[in-house]
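Here's a friendly walk through a protein model for anyone meeting it fresh. Take a look at the sequence and the 3D view, then read on.

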Amino acid sequence: MPKRLEEIWSALAACRDATKGRHLRAFFAEDAERFAGFSARLDDLLLDYSKTSVTPDALALLLKLAQTAEVEAKRDAMFAGTAINTTENRAVLHVALRNLSDRPILVDGIDVMPEVRATLDRLFAFAEGVRDGSIAAADGGRFTDVVNIGIGGSDLGPVMATAALTPYHDGPRLHYVSNVDGAHIADTIAKLDPARTLVIVASKTFTTVETMTNAATARKWLAGALGEAAVGAHFAAVSTALDKVAAFGIQPERVFGFWDWVGGRYSVWSAIGLPVMIAIGSENFRAFLAGAHAVDEHFRTAPLDKNLPVLMGLIGLWHRDVCGYPSRAILPYDQHLVRLPAYLQQLDMESNGKRVRKDGTPVERPTGPVVWGEPGTNGQHAFYQLIHQGTDVVPCEFLIAAEGHHPDLAHHQRLLIANCLAQSEALMKGRTLDETKAQLTKRGLAPEKLEALAPHMVFPGNRPSLTIAYRKLDPFALGRIVALFEHRVFVEAAIWDINAFDQWGVELGKELATALLPVIEGKAPGASHDSSTAGLAAYLTAGKSA
Ligand code: F6P
């Protein structure tokens with residue numbers, strides 16, 4: 001690591017030590033303008049990071065860290081189509097998929113934008129055709145249901161966006177099948193009429209065993225019910241591996257490609273978004289792209305100290321590397337973002353769960369944290385106990401809209417907002433022993449009972465959180481939120497100097513599953529495996545024939 005960076009990390013540790021005994025309450029007491037100083041906006045998108053222990057000195061150092069780690073140059077390299085995914089020798093250009101400007105984006109000297117636009121036009125035409133019935137089932141009737149078969153990035157993005165944009169959903173019903181567990185497809189198709197169902201097979205590689213197995217089962221279901229000749233009319237596919245799609249037998253006009261410079265977990269903006277396009281229509285999907293594009297332009301051009309993804313990344317590093325917190329909770333106070341935590345889990349953990357730098361040497365400090373979460377207020381009644389009073393500090397990331405989608409239920413939204421703000425306030429302030437005792441005294445508790453109970457009711461506070469606030473979760477707002485997190489992951493990876501765009505860590509399990517299948521099928525002995533694996537295999541296959 002360049003010496004200069006090491007010095008900045010040491011200075012950051014010193015900064016943390018200098019304020020270690022200081023409670024977040026004191027930060028606010030000493031600076032009445034703390035919110036103004038430690039929040040940033042992109043139009044009506046607001047990032048509040050004042051409820052963290054970052055001081056002006058720490059922030060200056062973090063910004064220096066970003067400069068010294070050349071975040072801006074690395075960002076520019078991404079937008080310029082450089083092969084920054086070095087282990088796979090690929091450009092990283094999900095930003096091209098939502099580039100609604102006239103700016104060309106070059107890969108190997110060739111502008112990819114004409115092809116991106118042409119593919120999007122084809123996708124929109126197909127989606128609108130399914131929506132208006134002009135693209136019909138084998139019997140000429142409309143599709144009422146669409147099943148997307150995919151996993152990981154070919155599932156989580158569309159699932160998340162479909163739930164997030166429920167109020168805009170006016171197309172056929174959507175269903176998602178991802179798990180190779182037969183229960184997933186069986187339970188899904190059990191409630192569907194094959195004659196009215198379109199199946200989209202979504203796989204970047206078109207080799208993923210879960211997706212291929214589910215696709216074959218869906219094919220069998222359609223062929224069994226409608227006859228072999230009808231199957232073609234009921235399938236569409238999305239992939240970068242067009243040769244493999246052709247081999248599966250899907251009609252070429254129903255096949256939509258994308259490019260190897262789109263990572264699976266960054267692909268919701270591509271043809272992988274087809275089910276979302278079918279659900280909400282092309283105009284709304286374009287607004288989703290426009291939201292992301294607005295953040296891309298902001299990330300590309302805003303100074304570091306006003307740059308929302310940069311600030312989020314730096315606060316992330318402060319929590320992970322300087323304070324040593326091992327996880328981050330994503331807590332949307334927005335029921336439609338119910339799948340955002342799962343989506344961000346893949347985005348963040350598959351991108352930044354790395355232990356070596358780009359040059360293959362070990363990273364000297366902790367990288368990606370464990371990302372988890374659930375929508376509020378449900379989480380409050382489940383795991384917030386630990387967040388408030390447990391022995392680990394969990395930095396929380398709240399998301400909240402000013403407006404809901406149900407004007408007739410505005411009192412629900414007011415309650416939701418009050419709860420969201422109350423949680424970050426409680427985490428920050430806590431409640432001291434004296435305050436607790438005073439409250440119990442007021443309630444008339446006898447002194448001996450009060451002494452026994454009070455320690456259980458103390459909240460240490462001093463627990464950090466970020467809040468992202470927006471007007472309303474419409475397609476544009478969702479696009480902005482997702483792009484914000486994508487670029488945050490980028491910033492963190494750039495400073496750790498890791499490759500956020502490969503995922504070798506998923507490979508070993510896939511290889512071993514392939515090796516174990518003959519054992520589970522009873523076609524090979526389990527003895528060559530360790531005794532635990534062999535013992536479990538023996539238990540799980542006992543009494544079954546191949
Ligand atoms: O196993 C991990 C992974 O490769 C993800 O990165 C990807 O999103 C997912 O599998 C699905 O891959 P594909 O779209 O090629 O089926």
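Cys396 sits opposite Ser465 in strand S13. That strand, residues 465–470, runs parallel to strand S12 (residues 396–401), and six bridges join the two. Keep in mind that this is a predicted model.

Zoom out a little and you'll find S12 and S13 inside an open sheet of six strands, ordered S1-S2-S13-S12-S10-S11 with mixed pairing. Which strands stand at the edges? They're S1 (39–42) and S11 (370–373); each has a single partner strand, so one side of each has no neighbour in the sheet. On average, neighbouring strands here are turned by 15 degrees against each other, direction ignored. Lying across S10 (327–333), S11 and S12 is helix H15 (residues 340–352), which runs at about 175 degrees to S11.

Now for the inside. The largest nonpolar core has 123 residues, and the ones with the most contacts within it are Trp261, Leu274, Leu478 and Ile495. Helix H20 (residues 475–496) gives the largest share of this core, 13 residues. There's also a second, separate core of 23 residues, with Val177, Ala218, Ala223 and Ile250 among them.

Leu478 has plenty of company: setting aside neighbours within four places in sequence, its contacts include Met160, Ala161, Phe288 and Leu337.

H20 itself is mostly covered, with 21 of its 22 residues buried. Does its length come out short, long or as expected? At 1.5 Å a residue, its 22 residues should span 32 Å, and the end C-alpha atoms are 32 Å apart, so the two agree. Right after H20 comes Asp497, whose phi is positive, near 65 degrees.

Then there are the aromatic rings: the structure holds 15 aromatic pairs. Here are two of them.

| Pair | Centre to centre | Angle between planes | Arrangement |
|---|---|---|---|
| Trp269 and Phe288 | 4.5 Å | 25 degrees | stacked |
| Phe299 and Phe490 | 5.9 Å | 80 degrees | edge-to-face |

Why does the Trp269 and Phe288 pair tie parts together? Trp269 lies in the loop between strand S9 (255–257) and helix H12 (274–280), while Phe288 belongs to helix H13 (residues 282–301), so the pair joins parts that are 19 residues apart in sequence. Trp269 is buried, at 1% relative accessible area, and Phe288 is buried too, at 0%.

The other pair links distant parts of the chain, with Phe299 in H13 and Phe490 in H20, 191 residues apart. Both Phe299 and Phe490 are buried. These two also belong to a cluster, where ring pairs link them with Phe79, Tyr266 and Phe501.

Note on methods:
Residues numbered from 1 in each chain as written. Predicted model: local features only at pLDDT ≥ 70, side-chain atom pairs only at ≥ 80, totals over all residues. Heavy atoms only, no water. Core = buried A, V, L, I, M, F, W, Y, C linked by side-chain atoms within 4.5 Å. Buried < 20%, exposed > 50% of the residue type's maximum accessible area, 1.4 Å probe, protein only. Helix = DSSP H or I, 4+ residues; strand = E, 2+ residues; numbered from the N terminus. Contact = heavy atoms within 4.5 Å. Pairing = 2+ DSSP bridges. Axes fitted to C-alpha atoms, helices over the stretch in contact; angles between N-to-C directions. Expected span 1.5 Å × (residues − 1). Phe/Tyr/Trp six-rings, centres within 6.5 Å; stacked < 30°, edge-to-face > 60°.
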